[in-house]
Each structure stands twice: as structure tokens, then as C-alpha cells.
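Work through the exercises below with the coordinates open. Each task is followed by a stepwise solution.

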Amino acid sequence: MRQRFNVLSQPRPDEAAAREERDPLVQLCAFFVGPEEYAVDIMRVEEILPPQRLTPIRGAPPFIEGVIHLRGSIIPVVDLRKRLLGGEAPPATPKTRLLVCWLGRRRVALVVDRVSEVVRMRRSEIKPAPAIGAVGPAPFVVGVCGPPERLKLLLDVKALLLAELVRDTGRRMNG
């Protein structure tokens, strides 16, 4: 009887397809920067690498560590630890990783303290970003997901980098 109940309780294939269309599964790459856990859409992540030898770029914003040469391409390296936490980044550890991500047609390598997991969830499980102060949500935090005891902040990497680049360009033009 138990087996029959399980068969009857499972959605029919057409119902499952309709649910998938209404509320698709998304996969996120979760990682730590300092004590906080963040996530990005895994479709943006091309690969995860250990730290690479890099060439510094003089005059770049402080969070841009430099560039790496990766299989014939030059890729800027952004230290998310500096960008999100401010100040100097701690030295690399054996768990420090580079997330090589696509931003449109360009790639960027993000320095993170460690990669934790790949998370699969329904889009409806991602909650809107909370308002921070009177200004509203941080423009680069687009959502929050995960269980209450281990929330992850969903980042919009493009907005994260653009906000600082625009601010830095303004400082250079005014100063």
C-alpha cells in the first residue's frame, strides 16, 4: 500500500513541467568572504581556480589586484575581500580561490576566502534583498537565500563592480 501511495502522490510529468516553468530551479555557487557567505548564479561561473601569479595594474582601484594570463586571455582580478569588507585583504590561505565569472562578454576573476558549495533551489526560495538604512538595499545584493541559520547574500557581480568603478572615476575626475 505504501508504494501505491507514493506513486499516487508524485506529480504527473505535465504538472512537474508546469511547476518548473512557473518556479524554475536555480543553481548558485556559494562562497565566503570574511565571516559572511555569499552566492552568485552558477551560470556566470566559468571555473574555480587556486590563486594565480598576477601582474599589478598601477592606478587601478584598490580592490583590483591586477590581471592574470589564463589560456591566452588577460583577466582582471578583483579581490572581493577588499571590495566587500574594505581595508586590506588578509593573506591568501590554502582555501583561497578565484572564481572566474562572465560579466556579459567579459571575464573577471573574483578572489574569495573559500568556496563552500553549489546550492540548488527554486527561484521562489530567494527572498528580496532587505533595505539597508534609508537608501534601500545595497545595489549589488539582489536577494537572500538559504536556511535561517546559514543565510547567503545573492550578489549581482556586475552591479558590485560598476558601483565602485563609477565612484572611483568620479573621485579621479573631481580630485
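Two strands count as paired if DSSP finds at least two bridges between them. Keep in mind that this is a predicted model.

**Exercise 1. Strand pairing**

Task: Establish how strand 4 and strand 5 run relative to each other, parallel or antiparallel, and how many bridges join them.

Solution.
1. Locate the elements: strand 4 covers residues 64-70 and strand 5 covers residues 73-79.
2. Count the bridges. There are six, and the two strands run antiparallel.
3. Pick a cross-strand position. H69 stands opposite I74 in strand 5.
4. Inspect the connection. Strand 4 and strand 5 form a hairpin with two residues between them. R71 sits in the turn and has a positive phi of about 45 degrees.
5. Turn to another partner of strand 5. Three bridges join strand 5 to strand 7, and this pair runs parallel. V77 has A109 in strand 7 as its bridge partner.

**Exercise 2. The nonpolar core**

Task: Find which residues have the most contacts inside the largest nonpolar core, and which element supplies its largest share.

Solution.
1. Size the core: it has 25 residues.
2. List the residues with the most contacts inside it: F31, V78, L80, L84, L110 and L155.
3. Map the core onto secondary structure. At least two residues each come from strand 1 (25-33), strand 2 (36-41), helix 3 (80-85), strand 6 (97-103), strand 7 (106-112) and helix 4 (157-174).
4. Helix 4 gives the largest share, four residues.
5. Take L155 as a probe. Beyond its neighbours within four places in sequence, L155 contacts F31, Y38, A39, V40, L80, L84, F140, V141 and V142.

**Exercise 3. Rings**

Task: Classify the pair F31 and Y38 by its geometry.

Solution.
1. Count the aromatic pairs: there is one.
2. Read its geometry. The centres of F31 and Y38 are 6.2 Å apart, with 25 degrees between the planes.
3. Apply the cut-off: planes under 30 degrees apart count as stacked. The F31 and Y38 pair is therefore stacked.
4. Check burial. F31 is buried because its relative accessibility is 0%, under the 20% limit. Y38, at 7%, is buried too.
5. Look at a charge over a ring. R83 lies over the face of F63, at 6.0 Å from the ring centre.

**Exercise 4. Salt bridges**

Task: Sort the residues of three salt bridges, R107 with E46, R81 with D79 and K152 with E117, into buried and partly exposed.

Solution.
1. Start from the total: nine salt bridges.
2. Take R107 and E46. Their closest N and O atoms are 2.9 Å apart. R107 is in strand 7 and E46 in strand 3 (residues 45-49), so the pair links distant parts of the chain, 61 residues apart. R107 is buried at 17% relative accessible area, whereas E46 is partly exposed at 35%.
3. Take R81 and D79. The N to O distance is 3.0 Å. R81 is buried at 6%, and D79 is buried at 2%.
4. Take K152 and E117. Their closest N and O atoms are 3.4 Å apart. This pair also links distant parts of the chain: K152 in strand 11 (residues 152-155) and E117 in strand 8 (residues 114-122), 35 residues apart. K152 is buried at 3%, whereas E117 is partly exposed at 29%.
5. Trace shared partners. Salt bridges join E37, E117, R150 and K152 into one network.

Note on methods
Residues numbered from 1 in each chain as written. Predicted model: local features only at pLDDT ≥ 70, side-chain atom pairs only at ≥ 80, totals over all residues. Heavy atoms only, no water. Phe/Tyr/Trp six-rings, centres within 6.5 Å; stacked < 30°, edge-to-face > 60°. Buried < 20%, exposed > 50% of the residue type's maximum accessible area, 1.4 Å probe, protein only. Lys NZ or Arg CZ within 6 Å of the ring centre and 35° of its normal. Core = buried A, V, L, I, M, F, W, Y, C linked by side-chain atoms within 4.5 Å. Contact = heavy atoms within 4.5 Å. Salt bridge = Lys/Arg side-chain N within 4 Å of Asp/Glu carboxyl O.
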